[in-house]
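Please open the model in a viewer and keep the selection panel at hand. The tour below proceeds from one selection to the next and describes what is found at each.

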Amino acid sequence: MDLLRVLEIIPLPSAATCESIPSLVQYIHDAVLATNQMDLISQFVVLWFAVTIAATVGYFAATSISYMIFFGIFRDYFHPPHEPQPFKGQEWLEAKMSMIAIPWLSFLTIPFFIGELKGHSKLYWQAENDPLWYYVVVVSAFILFTDMCIYWIHRWEHTFPLLYKYIHKPHHKWLVVTPFAAFAFHPLDGWAQALPYHIFVYLIPMNTKLYISLFVVVQLWSINIHDGVDAVGSRLGSSASQYVNGSLHHFIHHTRFDYNYGQYFTIWDRIMGSHYDPKPDFDTGDFNLPKQNYNEGMHPADKKKSK
Ligand SMILES: [Zn+2]
Ligand SMILES: [Zn+2]
């Protein structure tokens, strides 16, 4: 296995370019590609720096585009004034929480990456002999496994008061969220909910390119479920919305707390009796929100949970 080849997909500067910016970029290039020769602390620091920068840039690029489209240009269509709104300036507070979380989240995640770079996981690079059915099976297994694990991790964060109060409550600070809330977690919360992805590739053989692609897709999914856009037809009661944990399902999780813990599907919510169809709330206009200050941590259910 040549897992270091994964780093070859990172666009790196040419030698000529590096001569003009010799220090930092060249150091990262040499250091990351020469991980076998590096001491563990140097490798950790270089990866931490690179992952934090990449995650920050990716977060701002994706959330900004989503916000500009759904809360900017087409706001009246996707979030008409008679529906619950985030409060003014909230997106900055969500982004601030995310900015604080990302470096810590990267710090906690690097040990998994180092293990993968050193060949301890079941990731592999050669994909020439992978048949089509392999992709169907492994992607299905990846999604079903992580969906199940995240359901239980998330549900336990709500079930145990200390876990909720100290780890998960920051993500529930705002009841009507924007895409910028996608990474607005306590670092331990974000790390815990990402654990299933790392565990999966230590258990099941997976192509490295596929893993990286899916890792990017799940980050985009996290942004997608915080944009409040009814992409799966929940308001119409579509069949897709019965099984896909879309944005309005996650909207309900933020407004009613004890429902819709899932990530991609409603399967585990349905099995465990925590599913809540968003359609009635949007039909009746009753969103279970306090009349005032509903976006400033004043929700009665939230106060009860945080005791
Ligand atoms: Zn929650
Ligand atoms: Zn959320």
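Helices (H or I, at least four residues) and strands (E, at least two) are DSSP runs, numbered from the N terminus. On that basis, the protein chain comes to 14 helices and two strands. The model is predicted.

**The whole chain**

Begin with the entire protein chain, coloured by burial if the viewer permits. Of its 307 residues, 30% count as buried. Among contacts between residues at least 6 apart in sequence, 67% join residues at least 24 apart.

**Helices α3 and α5**

Select residues 40–73, which form helix α3, together with residues 90–117, which form helix α5. The two helices pack at an angle of about 145°, and their axes are 8 Å apart. The crossing in which α3 passes α5 is right-handed.

Now display the side chains at this contact. On the α3 side, select Gln43, Phe44, Leu47, Trp48, Val51, Thr52, Ala55, Thr56, Tyr59 and Tyr67. They meet Glu91, Ser98, Ile102, Pro103, Ser106, Phe107, Thr109, Ile110, Phe113 and Ile114 in α5. By class, the residues of this contact divide into 13 nonpolar, six polar and one charged.

**From α5 to α8**

Keep α5 selected and add α8, residues 187–203. How do the axes of α5 and α8 cross, and within what distance do they come? They cross at roughly 20° and come within 9 Å. The angle is under 35 degrees, so α5 is roughly parallel to α8. Here too the crossing is right-handed, with α5 passing α8.

The α5 residues to display for this contact are Ala101, Trp104, Leu105, Leu108, Thr109, Phe112 and Glu116. Their counterparts in α8 are Pro187, Gly190, Trp191, Ala194, His198 and Val201. The contact of α5 with α8 has nine nonpolar, three polar and one charged residues. Thr109 may be highlighted separately: it takes part in the contact of α5 with α8 and also in the contact with α3.

**Phenylalanine 180**

Next, centre the view on phenylalanine 180, in the loop between α7 and α8. Is this residue buried or exposed? Phenylalanine 180 has 28 C-beta neighbours inside 10 Å, and the threshold is 20 or more, so it counts as buried. Leaving aside residues up to four places away in sequence, phenylalanine 180 touches Thr63, Tyr67, Glu91, Glu94, Ala95 and Ser98. Of these, Tyr67, Glu91 and Ser98 also belong to the contact between α3 and α5. A distance label from phenylalanine 180 to methionine 97 should read 9.3 Å, C-alpha to C-alpha, although the two are 83 residues apart in sequence.

**Helix α6 and its surroundings**

Move to helix α6, residues 132–159. At 1.5 Å a residue, its 28 residues should span 40 Å, and the end C-alpha atoms are 41 Å apart, which agrees. Select Phe142, Thr146, Ile150, Tyr151, His154 and Glu157, which are buried. The buried residues of α6 pack against α7 (161–168), α8, α9 (208–224) and α12 (267–272).

Among these partners, take α7. α6 and α7 pack at an angle of about 105°, with their axes 5 Å apart. This angle falls in the range of 65 to 115 degrees, so α6 is roughly perpendicular to α7. Trp156, Glu157 and His158 of α6 make the contact with Leu163, Tyr164, Ile167 and His168 of α7. Its residues are four nonpolar, two polar and one charged.

**Helix α9**

Select α9 next. Its 17 residues should span 24 Å at 1.5 Å a residue; the end C-alpha atoms are 24 Å apart, in agreement. The buried residues of α9 are Thr208, Tyr211, Leu214, Ser222 and Ile223. They pack against α3, β1 (123–124), α6, α8 and β2 (206–207).

**The loop between α11 and α12**

Finish with two residues of the loop between α11 and α12, phenylalanine 257 and asparagine 260. Phenylalanine 257 has a phi near 65°, a positive value in a residue other than glycine. Asparagine 260, also not a glycine, has a positive phi of about 55°. Which of the labels buried and partly exposed applies to each? Phenylalanine 257 is partly exposed, with 19 other C-beta atoms within 10 Å, whereas asparagine 260 is buried, with 26.

Terms used. Residues are numbered from 1 along each chain as its sequence is written. Chains are lettered from A and ligands numbered from 1 in the order in which they are written. This is a predicted model: local features need pLDDT of at least 70, side-chain atom pairs count only at pLDDT 80 or more; totals for chains, interfaces and linings use all residues. Axes are lines fitted to C-alpha atoms, for helices over the stretch in contact, and angles run from 0 to 180 degrees between N-to-C directions. A crossing is left-handed if the near helix is turned anticlockwise from the far one by less than a right angle, and right-handed if clockwise. Two residues are in contact if their C-beta atoms, placed from the backbone, lie within 7 Å. Ala, Val, Leu, Ile, Met, Phe, Trp, Tyr, Cys and Pro count as nonpolar, Asp, Glu, Lys and Arg as charged, and the others, Gly among them, as polar. The expected span of a helix is 1.5 Å times one less than its number of residues. A residue is buried if 20 or more other C-beta atoms lie within 10 Å of its own, exposed if 12 or fewer, and partly exposed in between; C-beta atoms are placed from the backbone. Angles under 35 degrees count as roughly parallel, over 145 as roughly antiparallel, 65 to 115 as roughly perpendicular and the rest as oblique.
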